[in-house]
Amino acid sequence: MTELLEQAIAKLKNLPANEQDAIAAMILAELEDERCWDQAFARSPDMLAKLATEAMAEYRAGKTQELDPDTL
């Protein structure tokens, strides 16, 4: 376990049980989401490459616009 994770867990231990459970649920959901994305990309590397190629073609053709981080 990393030092940073150990620090986070030490702080979590001081929280009330319901807050600990809420944070634990968020972490578990995030890990599951990552696992699902990893599996999806592993099953379709050709599709991912195709989407990347299409995105770059749209960018080069001037069909994209920059995201404004203030509106996200």
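A helix here is a DSSP run of H or I at least four residues long, numbered from the N terminus. With that in hand, here are some views of this predicted model.

**View 1. The whole chain is built from helices.** Reading from the N terminus, the elements go α-α-α. That makes three helices and zero strands. The radius of gyration is 20 Å, well over the 11 Å that the globule rule gives for 72 residues, so the protein is more spread out than a compact globule. Along the principal axes, the C-alpha atoms fill a box of roughly 55 × 35 × 25 Å.

**View 2. The surface and its charges.** How much of the protein counts as buried? The share is 0% of the 72 residues; to count as buried, a residue has to be under 20% relative accessible area. The accessible surface adds up to about 6700 Å², and carbon and sulfur atoms hold 60% of that. As for charges, the protein has 7 positive and 15 negative ones, and the mean positions of the two groups sit 6 Å apart.

**View 3. A negative patch that includes Glu30.** Four residues make up this surface patch: Glu30, Asp33, Glu34 and Asp38. Take Glu30 as a way in: helix α2, which covers residues 17–43, is where Glu30 lies. Is Glu30 buried, partly exposed or exposed? Glu30 is partly exposed, with a relative accessible area of 46%.

**View 4. Glu32 and Arg35 pair up in helix α2.** The structure has two salt bridges, and one of them joins Glu32 to Arg35. Their closest N and O atoms are 2.4 Å apart. Where do the partners sit along the helix? They are three residues apart in helix α2, so about one helical turn separates Glu32 from Arg35. Both ends of this bridge can be checked for exposure: Glu32 is partly exposed at 36% relative accessible area, and Arg35 is partly exposed too, at 37%.

**View 5. Lys50 and Glu54 pair up in helix α3.** Now move along to helix α3, residues 45–60. Here Lys50 forms a salt bridge with Glu54, and the closest N and O atoms are 3.8 Å apart. A pair counts as a salt bridge when the nitrogen is within 4 Å of the carboxyl oxygen, so this one qualifies. Lys50 and Glu54 are four residues apart in the helix, which means about one helical turn lies between them. Lys50 is partly exposed, with 46% relative accessibility, and Glu54 is partly exposed at 37%.

Note on methods:
Residues numbered from 1 in each chain as written. Predicted model: local features only at pLDDT ≥ 70, side-chain atom pairs only at ≥ 80, totals over all residues. Heavy atoms only, no water. Helix = DSSP H or I, 4+ residues; strand = E, 2+ residues; numbered from the N terminus. Rg over C-alpha atoms; globule rule 2.2 N^0.38 Å. Buried < 20%, exposed > 50% of the residue type's maximum accessible area, 1.4 Å probe, protein only. Areas by Shrake-Rupley, 256 points an atom, 1.4 Å probe, with all protein chains shown as cover. Lys, Arg positive; Asp, Glu negative; His and termini not counted. Charge placed at Lys NZ, Arg CZ, Asp CG, Glu CD. Patch = residues over 30% accessible without salt bridge, like charges linked within 9 Å, V, L, I, M, F, W, Y side chains within 5 Å. Salt bridge = Lys/Arg side-chain N within 4 Å of Asp/Glu carboxyl O.
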